[in-house]
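Colleague: I have the sequence and the model open. Could you take me through the terms and show how each one is applied?

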Amino acid sequence: MIATLAVGLVGGALEITGQATSARWVISAFAIILALMQVRGMADDLRAGSYGIDLLAITAIGSTVVVGEYWAALVVCLMLSGGEALEDYAANRAKAELTGLLENAPRTAHLLGPGDQLTDVPVEQVVVGDRLLVRPFEVVPVDGVLESDAATLDESSLTGESLPVDRRLGDELLSGAINGGEAIEVRVTAPAAESQYQSIIELVRQAQESRAPFVRLADRVAVPFTIGALTLAIAAWIVSGDPTRMAEVLVVATPCPLIIAAPVAFMGGMSRSARNGVIVKDSATLEQLAGVRTAAFDKTGTLTYGEPRVTDIHALDIAADELLMLAAAVEQYSSHPLAAAIVDHARAAGHTIPAPEDVSEIPASGVRGTVTGHAVAAGSARFIQRETGLDRLPLPDGATGVHVAIDQRYAGYLALSDELRTETPATMAALHRAGVGTTMMLTGDGEQVAHHIASQAGIDDVRAELLPEDKVDAVNGAEHQPVMMVGDGVNDAPVLAVADVGIAMGARGASAASDSADVVITVDDLTRRP
């Protein structure tokens, strides 16, 4: 576009100084070069399966140059280059907001050699059978089995399970899971290239390659319009006998609204969205959104807050507030993710948490200590059964229970779950009003939890216990197309790539999801979806 304007200035200067012939040659040569560049680009587009409005503009440039109307040719060049420049600017600005797919991929591993000698090596050099050390809160670099007695891991980015998962000696660990507060040893069962994280990346690549190119409305309209304009131009030449008539028809018919107005409108829409925290990567996505008939959602971090919260306190022969205070007292010294949720809930309720004594934590089981003279234990059902000698404990419905024993007697449990966002039901209703016929939940969580959340949210179709490839199949097999998919985890990246419109929760989601999606929401607010 800048070159077109520069050539226009040079041509104008030559005209003013009486060198009209030189101006004609300079402008005509530039117009022909630009037209040839467009021809090459048009050929590449046709091979890629897309088409558009280039042919009419190229024909108009060529005909105006031939009949000597070189200034008209330059105007068409300005429209053509200006529209493309505006569209590229909008798309590049959107991409600048995003990070690469591999940004969070594990790059190094802590190799345990003879005599437990620790060496940091590139993750690609790890082979099956190696022993690795995974430090607290690090990502498991490759698939393996747990060599330590127990571990607590965050697998939410892989499976969608929002609550931490306890693993024991010999259990399988997946790359991409985040270790808890204790260092663990892992025996490698698969090299990096064959591990879970790399498998998800490969799924994303395949999904992006398999998705058919979307032809914008402007381009679909342009094809019959171009044929009609060329027919009329040739007829004008034949009837008048003057080739200038053909050039005039083509210049007038050059679809300025399609060349300039469509990119300007798209840029306006993309800019307006960006101000609201919605980054749309390309203009075609805006048109695709208008036709969406099914909206699919991941559960964890999308329909829910993505973090455990205390939702109920079930106390036996003790006040609920006292049970919460005693549990929080011992849990404040625990590294388990659920412990932080209990302590936060107690503080939010205005309790002063007493300092415990003789606190000890049993990894992946629970914690015990002495609080105001009472022996308090809090943890899993199995742990509290051992503490109390009971065979069975009550279990919370649709939630995870942290059980509490006081002086070796069962005192009740605190139910924790990943709470539904307050705005989720209103968001589903707004999507239906906007023309979306079906809402779906695609989650790796269990059936009970998934249906519990879906009933609260007003979701029409629930699919639970899904792997990343199962989510791809669910979107491809949806009854009502096109499909919009909303997710935030690494495990959502493949389905975001294959959906007609993929929307990533970028404020707190994985970079893999943001990179494979068409739209990224940069604020943690579900109401931006409608």
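Colleague: Which strands does helix 13 lie across?

Modeller: Helix 13 (residues 337-348) lies across strand 12, strand 16 and strand 17, at about 65° to strand 12. Contact means heavy atoms within 4.5 Å. The angle is taken between N-to-C directions, from 0 to 180 degrees, of lines fitted to C-alpha atoms, for helices over the stretch in contact. Helices (H or I, at least four residues) and strands (E, at least two) are DSSP runs, numbered from the N terminus. This is a predicted model, where local features need pLDDT of at least 70 and side-chain atom pairs count only at pLDDT 80 or more, while totals for chains, interfaces and linings use all residues. Residues are numbered from 1 along each chain as its sequence is written, and side-chain values use heavy atoms, with hydrogens and water left out.

Colleague: What is the strand order in the sheet that holds strand 12?

Modeller: The order is 12-17-16-15-14-13, an open sheet of 6 strands with antiparallel pairing. Strand 12 (304-315) and strand 13 (357-362) are its edge strands, each pairing on one side only. Neighbouring strands are turned by 20° against each other on average, direction ignored.

Colleague: How do you know that strand 16 and strand 17 pair?

Modeller: Two strands pair if DSSP finds at least two bridges between them. Strand 16 (residues 400-406) and strand 17 (residues 409-420) run antiparallel and are joined by 7 bridges, so by that definition they pair. Threonine 400, for example, has leucine 416 in strand 17 as its bridge partner.

Colleague: What makes strand 2 and strand 7 edge strands?

Modeller: They belong to an open antiparallel sheet of 6 strands, in the order 2-1-3-9-4-7. Strand 2 (118-122) and strand 7 (172-173) each have a single partner strand, so one side of each is left without a neighbour in the sheet.

Colleague: Why is threonine 427 called buried?

Modeller: Buried means under 20% relative accessible area, exposed over 50%, and partly exposed in between (1.4 Å probe, protein chains only). Threonine 427 is at 1% relative accessibility, so the residue counts as buried. This threonine 427 is found in helix 15 (residues 424-433). Neighbours within four places in sequence aside, threonine 427 is in contact with Leu526, Thr527, Arg529 and Pro530.

Colleague: Is threonine 4 buried or exposed?

Modeller: Threonine 4 has a relative accessible area of 3% and is therefore buried. Threonine 4 is found in helix 1. Not counting residues up to four places away in sequence, threonine 4 touches Phe30, Leu74, Cys77, Leu78 and Ser81.

Colleague: Why is methionine 1 called partly exposed?

Modeller: Methionine 1 has a relative accessible area of 44%, so the residue is partly exposed. Methionine 1 lies in the segment before helix 1 (2-16).
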